[in-house]
Amino acid sequence: PEETDDDAQRLAIPSLSQPFYDNVIDVRATVSAKDVEFILSTAGNWQFALRKLLAQTYFPAHPSVQGSYLITTSPPISVPQMRSGLVKVGNILYTDAQPHVAIGPLPLMNALNNLGFAN
């Protein structure tokens, strides 16, 4: 489920980031992202703008993606993520996680282009 700014609705969605739910102190896993429908990497923390764009525009146009996406924001990891396909969040390692879309300033886009990742 998509995160929401509505307090009542947010409480209905269990989230390990909320202190009033049972907190898991340690989660370890390796997860393949090869079947994820949409992988996006940005060069910076654009979470708030992306959340609105996805909720209001992208997910309504592509409803299946809402249950199958991976977004990396900050720190900017687009180049190493594209090279290795690996993303580690805490103790969870995602494999096969090369982004389908990368967003960033011109130097990042030039680097991706120079490495043959942009078209």
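Color the chain by secondary structure and walk along from the N terminus: the elements come in the order α-β-β-α-β-α-β-β-β-α. That gives you 4 helices and 6 strands to click through. Keep in mind that you're looking at a predicted model.

Before zooming in, switch on the surface. The accessible area is about 8,000 Å², with carbon and sulfur atoms accounting for 56% of it. Of the 119 residues underneath, 27% count as buried. If you draw a contact map alongside, look at the pairs at least 6 apart in sequence: 65% of those contacts join residues at least 24 apart.

Now hide the surface and select residues 38-42, which is strand E2. Add its sheet mates, and you have an open sheet of 3 strands, ordered E3-E2-E6, with parallel pairing. Next, pick 69-72 (E3) and 101-103 (E6): these strands stand at the edges with a single partner strand each, so one side of each has no neighbour in the sheet. Tilt the view to see the twist, which averages 15° from one strand to the next.

Stay with the E2 and E3 pair for a moment. These two strands run parallel and are joined over 4 bridges. Show side chains for Phe38 and look across to E3: the residue standing opposite is Tyr69.

Last stop: select residues 47-61, helix H2. Which strands does H2 lie across? The helix lies across E2 and E3, and its direction makes an angle of about 150° with E2. Leave H2, E2 and E3 displayed together, and you can check that arrangement from any side.

Conventions. Residues are numbered from 1 along each chain as its sequence is written. This is a predicted model: local features need pLDDT of at least 70, side-chain atom pairs count only at pLDDT 80 or more; totals for chains, interfaces and linings use all residues. Side-chain values use heavy atoms; hydrogens and water are left out. Buried means under 20% relative accessible area, exposed over 50%, partly exposed in between (1.4 Å probe, protein chains only). Contact means heavy atoms within 4.5 Å. Accessible areas come from the Shrake-Rupley method with a 1.4 Å probe; for residues, only the protein chains shown count as cover. Two strands pair if DSSP finds at least two bridges between them. Axes are lines fitted to C-alpha atoms, for helices over the stretch in contact, and angles run from 0 to 180 degrees between N-to-C directions.
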